[in-house]
Amino acid sequence: MSAPTNLTINGARLWESLMELAKIGATEKGGVCRLTLTDLDKKARDLFAGWCKAAGATVSVDRMGNVFARREGRDPARPPVMTGSHIDTQPTGGKFDGAYGVMAGLEVLRTLHETGVETDAPIEVAVWTNEEGARFAPAMMGSGVFTGIFNEDEIKAKTDRDGVAFGDALEKIGYAGSLPCGGRKVGAFFECHIEQGPILEAAGKTIGVVTGGQAQRWYEVDLIGAESHAGTTPMERRRDALLGAARIIDMVNHIGLTHMPLARATCGVIESHPQSRNTVPGRVFLTVEFRHPDEAELSIMDKTFRAQAARIAGEIGLALDVKEIWHFPATPFHADCIAAVREAAKTRGYPHRDIISGAGHDALYLARVAPTAMIFVPCADGISHNEIESAKPEDLAAGCQVLLDAMLRRAYEVK
Ligand code: HGY
Ligand code: MN
Ligand code: MN
């Protein structure tokens, strides 16, 4: 039996669900702040689960709090064709990062439910816990444990900057499920996401056929100097940790500029101690991350960063600790799934082009265990991780239509 090709998703319903979900954690500037494992995250999960049940799916939760909405197929023995994304956001997040992929999956369930189409393989929609890594680092914890990259106990022991452990926060919102996390076959995985960059919009393309994701390295840096009196300590006798951090931040940016146009270099978090205007800072915590599609370039950036940070700390008389907390390798997607996305875009007549993902996504971990690809749609001015993040309803609908077509195609191929 071959996949039906005439099913049409309901773009207005997709938009309405996105706007409804965006109310949970809505900010004054029109964005969303819904940090992972908070009550707002719980509310969003509950809303998603209720909608999926209303669309005829069964809902289960695994030990990492990953939520799976499942629609049975003709052959329950076949591994599911899965889609999904995340509903946790950045502190200054937008309405679409992550939420779009989850709502697009829900729209696929709703479309199949109302048309009564029965697929050969089961269909599943996943909400992966803590994709962003904003509250608990590293990122992509739920999909990382599901695919065997991270150890569950180690991840559950990770704490946020207030000392709250991931496992305790998961228990507190009632999403510490009983299902083992991972260890089961996935026939294929597709993820819809806004591009979060300017390429598709600039090229006038509706669909990005994502061929893979770039490499990343995340670090936590501690600089230890000595607190001292701002009025009495001569300049040459200071061991000013914040001065060291300032020079490191500028050096990190310089490394990014030196490896342009593809490199990315960011210092996102800085905590200075004791935060008193008339005490020379004695201790600073800093986060650093580098990204590049080419692992060899990223390795050069890593080496330069470590050598330069040691030089800066030495010049000021600071103790330096650089911990690399995450190395995410450059990851290609699966040719068959990329082809399914490209074919669907072509058949529907959507302008499309191949693209590499600059951002990390759960799909890049699922690619370790299942044939996987992603579908990007443009976002305004390529802006994301910002409350003004926006996307056009017609582009979001087009991406969702491609998702349905690509999943259906694979749901009849996967054995
Ligand atoms: O950081 C990332 O690339 C993703 O948006 N969490
Ligand atoms: Mn995302
Ligand atoms: Mn994000």
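**Metal site, a helix pair and two lone cysteines**

In this predicted model, the manganese ion (ligand 2) is held by three residues, with His86 (NE2), Asp97 (OD) and His193 (NE2) coordinating it at 2.1 to 2.3 Å. Donors here are N, O and S atoms within 2.8 Å of the metal (3.2 Å for Na, K and Ca), and water is not among the atoms, so sites may look incomplete. Along the chain, the donors follow the spacing H-x10-D-x95-H. A second metal sits 3.5 Å away: this is the manganese ion (ligand 3), and Asp97 coordinates both ions. Where do two of these residues sit? Both His86 and Asp97 lie in the loop between strand E3 (81–85) and helix H3 (99–115), 11 residues apart. Helices (H or I, at least four residues) and strands (E, at least two) are DSSP runs, numbered from the N terminus. His86 is buried at 0% relative accessible area, and Asp97 is buried too, at 6%. Buried means under 20% relative accessible area, exposed over 50%, and partly exposed in between (1.4 Å probe, protein chains only).

Residues are numbered from 1 along each chain as its sequence is written, and ligands are numbered from 1 in the order in which they are written. Side-chain values use heavy atoms, leaving out hydrogens and water, while local features need pLDDT of at least 70 and side-chain atom pairs count only at pLDDT 80 or more.

Now for the helices. H1 (residues 11–22) packs against H12 (residues 393–413) at about 110°, with the axes 9 Å apart. The axes are lines fitted to C-alpha atoms over the stretch in contact, and angles run from 0 to 180 degrees between N-to-C directions. That makes the two helices roughly perpendicular, a label for angles of 65 to 115 degrees. The contact (heavy atoms within 4.5 Å) involves Gly11, Leu14, Trp15 and Leu18 from H1, meeting Pro393, Leu396, Ala397 and Cys400 from H12.

Cys400 also turns up in the disulfide tally, which comes to zero; a disulfide would be a pair of cysteine sulfur atoms within 2.5 Å. Why is Cys400 not bonded to Cys192? The closest cysteine sulfur to that of Cys400 is in Cys192, 6.1 Å away, and that is too far for a bond. Cys192 is buried at 0% relative accessibility, and Cys400 is likewise buried at 0%.

Finally, Asn278 is found in the loop between strand E10 (270–273) and strand E11 (279–280). Asn278 is partly exposed, with a relative accessible area of 47%. Leaving aside residues up to four places away in sequence, Asn278 touches Ser228, His229 and Ala230.

Terms used: Parallel < 35°, antiparallel > 145°, perpendicular 65-115°, else oblique.
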